[in-house]
Amino acid sequence: MDTTAGLRKSDMNPNPFVQFDLWFKDAEKAHPNNPNAMTVVTAGKDAVPYARTILLKGFDEQGFVFFTNYESPKAQQLEDNPRATLLFYWSNLDRQVNIMGMVEKVSEEESDAYYHSRPRLSRIGAWASKQSQEIPNREWLDNRVDELNALYQDKDPPRPPHWGGYRVKPYRIEFWQQRPSRLHDRFKYSQLPDTTWQIVRLSP
């Protein structure tokens, strides 16, 4: 796909979720491996930013959804400060999208539905992993997986109570497309009090 022609405000859909969907579909074609990979940045009470790469698992006009361990550092940071920034970078398209928003947990039903759609080993892994905590060695983790496989040998493992989803409800979304000489095209969508969106061009 040729993205060198540049962007005009008239090219941008008034609805940022529609615009994201258009770019995401382009990314699925240009990046067949994990086009949904995104950097998630959170900060807790200490205000120190913490970044990691996570996979987007769904989006609509309610927000952008990912799943994780509720006992992880990111979960504690979101408990203290329920805000996050998401960053998508699609190098083959010379595009990125930056999303800022408030964060809330998805419903129990939504977490259950996604958990049970995962491969069995991934479901076992959600029980086995004490995300970000120190463990003595790899054997400890492998043994824990073996124990859980034996425990749930004849039944489907339930969703762990410490595992589920978050939804980032954006109030700002920026679309960036590379141009020559570092004179890139940038458009910022800001949500207004009446929930409509204002679009402005930003200097590169």
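**Rings and strands in a predicted model**

Me: Why does Trp90 count as buried?
Reply: Trp90 has 1% relative accessibility, so it counts as buried (buried means under 20% relative accessible area, exposed over 50%, partly exposed in between, with a 1.4 Å probe and protein chains only). Phe24, at 10%, also counts as buried. This is a predicted model, in which local features need pLDDT of at least 70 and side-chain atom pairs 80 or more, whereas totals for chains, interfaces and linings use all residues. Residues are numbered from 1 along each chain as its sequence is written, and side-chain values use heavy atoms, without hydrogens and water.

Me: What makes two rings an aromatic pair, and how many are there?
Reply: Rings of Phe, Tyr and Trp (its six-membered ring) pair if their centres lie within 6.5 Å, and planes under 30 degrees apart count as stacked, over 60 as edge-to-face and the rest as tilted; the count comes to 20 aromatic pairs. One of them joins Phe24 and Trp90, with centres 6.4 Å apart and planes at 65°, and is therefore edge-to-face. Phe24 lies in helix H1 and Trp90 in strand E5, 66 residues apart (helices are DSSP runs of H or I with at least four residues, strands runs of E with at least two, numbered from the N terminus).

Me: Why is the pair of Trp127 and Tyr152 called tilted?
Reply: Their centres are 6.3 Å apart and their planes stand at 35°, so the pair is tilted.

Me: How do you know that strands E5 and E6 pair?
Reply: Two strands pair if DSSP finds at least two bridges between them, and E5 and E6 have eight, in the antiparallel sense.
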